[in-house]
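User: Hi! I'm new to reading protein structures and would like to practise on one. Could you take me through it with some questions and answers?

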Amino acid sequence: MYKKILVSLDDFFYKKLMRNALKLSKLGYGFVVSGAESGVNFEHVYDDKAIGRFVIGKYVDRALLNLPAVQATRARKDEIKNILWNEVYNNRIKEKVTTVLDLASGGARYLRELREEHNQGWIFSLCVDRDSKCTSMGTKLTQKENVKNIRFFAADVFKMERLKKFAQKKHRQIDIVVASGIFIYFKDDVVEKMLREIYGALPQGGLVIFTSYEKLNTRKLMRKAMVTSSGEQWTLYYRKPEYWRELLNEIGFRDVFISRDKWLMNNVCYARK
Ligand SMILES: C[S@@+](CC[C@H](N)C(=O)[O-])C[C@H]1O[C@@H](n2cnc3c(N)ncnc32)[C@H](O)[C@@H]1O
């Protein structure tokens with residue numbers, strides 16, 4: 001009986017009080033109403049500017065943007081950008097243009113921020129997201145920011161063969177595949193199949209860059225108060241670096257590098273075919 005009351009109070013706190021307070025802030029609204037995993041929310045995370053209804057909404061937004069889990073998301077974006085930047089300049093020495101395929105791109109902020117490199121024609125990016133809100137946001141932002149040589153298109157990333165053919169039609173060999181903020185939503189068998197397909201799509205020496213979570217310290221809040229765009233509870237799959245290291249080696253990738261952030265939440269993993 002006592003336990004039942006505690007559970008009801010807990011549910012009331014998260015599902016009523018928390019949800020309603022979150023809805024006042026831009027990020028909170030995105031998390032509890034329009035879909036927690038949407039790349040549109042991540043754009044707001046990267047902007048890091050508090051927006052909300054009334055003073056309280058702005059205050060809640062700032063509190064959410066300051067959460068370690070959200071800071072860790074910004075940190076991982078910067079890390080991906082740096083890995084890409086480094087690869088582009090290594091290829092430049094060989095006078096080679098780098099082609100990137102970004103799977104589940106959202107607004108592909110880590111790519112858009114390489115504006116100079118895109119505009120010089122040193123990098124060409126194909127960004128794929130199943131959500132047309134994300135692809136049109138990405139297209140509009142690249143126009144607004146005047147970034148050339150980035151294309152967004154709506155497609156399912158689990159149709160890798162089609163994506164590879166699309167790139168080939170554009171006479172592009174994919175050099176780097178990015179998969180940031182996607183594997184956390186899928187079970188092991190799905191993720192493993194996807195990584196094998198990525199391996200198959202890359203040329204010898206090609207690079208895969210992806211992110212994963214070891215843990216999140218906002219787990220309970222996410223599970224109880226937030227929903228995905230399909231209206232479902234947010235189910236996330238946490239994995240340790242050892243899991244990725246073994247899998248990548250088994251598939252045939254080499255030079256595996258896995259970084260951990262200072263909160264021990266996000267891992268950025270990259271490896272070469
Ligand atoms: C967390 S966001 C990551 C956005 C971006 N990669 C980043 O790290 O900032 C996840 C994105 O995955 C997209 N997504 C989820 N499942 C997908 C699928 N099967 N095919 C394509 N995109 C998918 C969602 O629409 C969403 O924009």
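User: In which strand does Asp255 lie?

Analyst: Happy to help, and keep in mind that this is a predicted model. Asp255 has a positive phi of about 50 degrees although it is not a glycine. To place Asp255, look at residues 254-260, which form the strand that holds it: β6.

User: Is Asp255 buried or exposed?

Analyst: Here we count neighbours: 12 or fewer other C-beta atoms within 10 Å makes a residue exposed. Asp255 has 11 other C-beta atoms within 10 Å, so the answer is exposed.

User: Ala108 has a positive phi too. Is Ala108 buried or exposed?

Analyst: Phi of Ala108 is near 50 degrees, and this residue lies in the loop between β1 (98-103) and α6 (109-112). The cut-off for being buried is 20 or more other C-beta atoms within 10 Å. Ala108 has 32 C-beta neighbours inside 10 Å, so it counts as buried.

User: Now a helix, please. Which residues of α3 are buried?

Analyst: Helix α3 covers residues 39-47. Its buried residues are covered by elements that include α2 (26-35), α4 (54-65), α5 (68-93), β2 (123-129) and α8 (132-144). Just after α3, Asp48 takes a positive phi of about 55 degrees. Within the helix, the buried residues are Gly39, Asn41, Phe42, His44 and Val45.

User: How many other C-beta atoms lie within 10 Å of His44?

Analyst: His44 has its place in helix α3. Leaving out residues up to four places away in sequence, it touches Lys26, Leu27 and Gly30. His44 is buried because the number of other C-beta atoms within 10 Å is 22.

User: How far apart in space are His44 and Leu27, C-alpha to C-alpha?

Analyst: Along the sequence, these two residues are 17 residues apart. His44 touches Leu27, and the C-alpha to C-alpha distance between them is 6.9 Å.

User: What about the ligand: which residues around it come nearest?

Analyst: There are 18 residues around the ligand. By class, its shell has six nonpolar, six polar and six charged residues. Those that come nearest are Gly39, Ala104, Gly106, Ser180 and Gly181.

User: Why does the ligand lie between domain 1 and domain 2?

Analyst: Look at where the residues of the shell come from. The ligand lies between the two domains because residues are given to its shell by both domain 1 (2-69) and domain 2 (83-272).

User: Which residues touch the most other members in the largest nonpolar core?

Analyst: In soluble globular proteins, nonpolar side chains tend to be buried together. The largest nonpolar core here has 43 residues. Among them, those that touch the most other members are Leu103, Val177 and Val208.

User: Which residues does Val177 touch, not counting residues up to four places away in sequence?

Analyst: Val177 sits in strand β4 (residues 176-179), where Val177 and Ala179 point one way and Ile176 and Val178 the other way, and all are buried. Not counting residues up to four places away in sequence, Val177 touches Leu101, Leu103, Ile198, Ala201, Leu202 and Val208.

User: Which residue in β5 is the bridge partner of Val178?

Analyst: Strand β4 is joined by four bridges to β1, and these two run parallel; there, Val100 stands opposite Ile176 in β4. Four bridges also join β4 to strand β5 (residues 207-213), again running parallel. In β5, the bridge partner of Val178 is Ile209.

Note on methods
Residues numbered from 1 in each chain as written. Predicted model: local features only at pLDDT ≥ 70, side-chain atom pairs only at ≥ 80, totals over all residues. Contact = placed C-beta atoms within 7 Å. Near = placed C-beta within 6 Å. Nonpolar A, V, L, I, M, F, W, Y, C, P; charged D, E, K, R; others polar. Domains from an automatic or database assignment. Core = buried A, V, L, I, M, F, W, Y, C linked by C-beta atoms within 7 Å. Pairing = 2+ DSSP bridges.
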